[in-house]
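Open the structure in your viewer and keep the selection tool at hand. The stops below are meant to be taken in order.

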Amino acid sequence: MRFEYGGALAMKVDSDVLAGGIERRWEATADQVADTAAAVQQGKLHLANTVGEIDERRARLSRQGLELEGIIDQDDSVWLSFFSRGLTASRAVGRVVRAPKHQPVTPVGTGVLISARLLLTNNHVVPDPDEATGMCVELGYEFNDDGKERRFDTCQLDPAACWFTDEELDFTVVAVTDLRGKAPGEKYGAVPLIEQTGKVLKGETLNVIHHPGGDRKRVSIRENRMVAEDELWLRYTSDTRAGSSGAPVFNDQWEMVALHHGGVARRDAAGNRLSRTGQPWTRDMGDDAVAYLANEGARVSRVVRRLKAAKLDGPGSALVNEAGQQSTGQ
């Protein structure tokens, strides 16, 4: 089957298979979710995290002049730099669209620049080079401070210059064309992929920058917590919808910790998916009407490891190496 997005054929992916895998992994970590709830309620990190994980997180924060206890207590205030660093990170996030000639574009997801010329998104958003050739990323697709629509830039995906995809971790790295003779990252910046772990603990809040429903850029903050993990995936609560696939997930220091790829749907006692209105969901409502309980994203450290193991040849190798250098010393 093909996945329906906004009433248009948008992606070559079996959405039921994708959702089923996410939900099975969610159920397998139900104990972690319960432990995290207790840790947050009691303010005791060790109820959900190992001593080694806590020490690693404390050491990473210390290198940034921060204290762990001040990060995960019940005080919801943040340093002013939270906003400036978040805005910097957000510039590299764009809306991925299918762009057939002489036809309106069809939004299919979100992507993030990880170097001056490389875009990271989901495999199910950009599944193969042939699909990528007819797709673009729209950077700066957002509102101005006065509420007016900002002029945005469009860059074509360029799989001939660099292409790598991983179906298991559901990610794709693809080159993008220049923007008026310059690499897009020179204007919009890039989000480094950090291989080192210790960027987040269960119970900490996370932030998602995305294009939900194909709309202009939004950010989901504060009411999001990491609640479970396994070797490849992080699980967290957040307000994401169709179109959020491929969105970067950040900690409060705006380090990318995961690549969002799907959610766990809310279900009734009979196992039927629920809509945002609390009614049983039907396909004619569209995917944007599904109510989600939690979300899942690929761990950035694992994405980096897969890219390193790929050993790409040709120009793609140089571009991936460029992206890897962004994270040196992080």
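Start by selecting N207 and F250: N207 stands opposite F250 in strand β14. The model you are looking at is predicted.

Now widen the selection to strands β10 (residues 207-210) and β14 (residues 248-250). The two strands pair in the antiparallel sense, over two bridges.

Add strand β11, residues 218-220. β10 pairs with β11 as well, again in the antiparallel sense, over three bridges. Within this pair, select I209 and look across to V219 in β11, which stands opposite.

Stay on β10 and show its side chains. Which residues point one way, and which the other way? N207 and I209 point one way, while V208 and H210 point the other way. In a regular strand, side chains alternate between the two faces of the sheet. All four of these β10 residues, N207, V208, I209 and H210, are buried.

Next, select T29, in the loop between α1 (15-28) and α2 (30-42). Is T29 buried or exposed? T29 counts as buried because its relative accessibility is 6%, and the cut-off for buried is under 20%. Leaving aside residues up to four places away in sequence, T29 touches A228, E229 and R235.

Move to helix α8, residues 300-310. Its buried residues include V300, S301, R302, V303, V304 and L307. Just after α8, select K311, which takes a positive phi of about 50 degrees.

Finally, colour the chain by pLDDT. The average is 87, and 87% of the residues score at least 70. Over residues 1-13, the pLDDT is below 50; this stretch has 37 contacts in the model beyond near neighbours in sequence.

Notes
Residues numbered from 1 in each chain as written. Predicted model: local features only at pLDDT ≥ 70, side-chain atom pairs only at ≥ 80, totals over all residues. Heavy atoms only, no water. pLDDT = per-residue confidence, 0-100. Contact = heavy atoms within 4.5 Å. Helix = DSSP H or I, 4+ residues; strand = E, 2+ residues; numbered from the N terminus. Buried < 20%, exposed > 50% of the residue type's maximum accessible area, 1.4 Å probe, protein only. Pairing = 2+ DSSP bridges.
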